[in-house]
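Dear colleague,

Please find the structure below, handed over for your records. My findings follow directly after it.

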Amino acid sequence: MNTTAPTPFAEDILHGLKSDEKHIPSKYFYDDNGSRIFMQIMKMPEYYPTDCEFEILTGQSGNILDSLNFNEPFNIVEFGSGDGMKTRQMLKAFLERKADFTYIPIDISQEALNALEKNIKTALPDVKMKPKTGDYFDVLKSMADTKVPNLFLFMGGNIGNYHLDEAKDLLNKFNDGMKKGDMLLLGMDLRKNPQVIQKAYDDPHGITKAFNMNLLKRINSELDANANLDQFDFYSFYNPENGEVHTYLISLKKQQIHSNVLDTDFSFEKDELIWTELSKKFSLEEINKLAKSTGFQVVRNFMDCRHYFTDSLWVK
């Protein structure tokens, strides 16, 4: 009998695949293999968000600094900093303008933070850094007493992966941990030609499909399951009326998967869907509304040349 406590992954898969509407939380895309596939996605010509945000931070960081209106030393606090490639552009521009700041990246993975610190310090040895490992909100609480103004970063369009009520909940929590006058720079994907969005999330190279199929590989390897990947397909759908991309895995036949770790069977009907991701695209009006409803005010939207993406600067 397996007496070890189930992992959060095991618990979420058990809940998600036993639900009436099957789902797998999108945070589970990013195991080591999933992260490697996502790096390939970011290099696809069809996948525009990464390049758009890189363009904004390369060309407009000086304008972002001017819009901060901080007259004293400040912190740049980044939630989920990844490899720091895009943020590095901003830090470089701020250093060139002699801004006095400390960069505080937050991540739950110590390994990710170590790699990030090495990357940033190699490229920008003059940057003052204080990486913090842990949950965003625990770290926010630990910083509550600092008098220094903060610029918080939540980049990459990640806010679009949350349902509206979840996004509001997250932004309210950010707001609760901020002081009046603190600022938030939020990466947000904008509504645009539906064809452009559709191709970004259902590419002709099959990379997005592999990214989704990797969830089944994880279930097989981590939960000792017997999912046959050939019996599943991938589908992505963009609805321009509400600005939402939804992605799914599809069971191609009536079948059962058994997990030895969970000691359970998962049953699928032919053509049954497993929902894997939401990616919301915003209008400027929706951005203003979301800011207002969570205790912020939009200072300025910094956009790429095609107006595909914005880094939206908000103030508490």
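**Helix packing, cores and overall form**

In this predicted model, helix 3 (residues 49-59) packs against helix 5 (residues 85-96) at an angle of about 10 degrees, and their axes lie 8 Å apart. Because angles under 35 degrees count as roughly parallel, helix 3 is roughly parallel to helix 5. On the helix 3 side, the contact involves Thr50, Glu53, Phe54, Leu57 and Thr58, which meet Met85, Lys86, Thr87, Gln89 and Met90 of helix 5. By class, this contact has 4 nonpolar, 4 polar and 2 charged residues.

Turning to the interior, the largest nonpolar core has 64 residues, and Phe94 and Leu151 have the most contacts inside it. Helix 10 (residues 207-222) contributes the largest share of this core, with 6 residues. Another core, of 28 residues, lies apart from it and includes Ile104, Ala167, Phe282 and Val298. Leaving aside residues up to four places away in sequence, Phe94 touches Ser61, Ile64, Leu65, Leu68, Phe74, Ile76, Ala99, Phe101 and Leu151.

As to the chain as a whole, it has 11 helices and 13 strands. Its radius of gyration is 21 Å, close to the 20 Å that the globule rule gives for 316 residues, so the chain is as compact as a globular protein of that length. The C-alpha trace spans about 65 × 45 × 35 Å along its principal axes. Buried residues make up 50% of the 316 residues. Of the contacts with a separation of 6 or more, 72% are between residues 24 or more positions apart.

With kind regards

Technical notes. Residues are numbered from 1 along each chain as its sequence is written. This is a predicted model: local features need pLDDT of at least 70, side-chain atom pairs count only at pLDDT 80 or more; totals for chains, interfaces and linings use all residues. Side-chain values use heavy atoms; hydrogens and water are left out. A nonpolar core is a set of buried Ala, Val, Leu, Ile, Met, Phe, Trp, Tyr and Cys residues joined through side-chain atoms within 4.5 Å. Buried means under 20% relative accessible area, exposed over 50%, partly exposed in between (1.4 Å probe, protein chains only). Helices (H or I, at least four residues) and strands (E, at least two) are DSSP runs, numbered from the N terminus. Contact means heavy atoms within 4.5 Å. Axes are lines fitted to C-alpha atoms, for helices over the stretch in contact, and angles run from 0 to 180 degrees between N-to-C directions. Angles under 35 degrees count as roughly parallel, over 145 as roughly antiparallel, 65 to 115 as roughly perpendicular and the rest as oblique. Ala, Val, Leu, Ile, Met, Phe, Trp, Tyr, Cys and Pro count as nonpolar, Asp, Glu, Lys and Arg as charged, and the others, Gly among them, as polar. The radius of gyration is taken over C-alpha atoms; the globule rule is 2.2 Å times the number of residues to the power 0.38.
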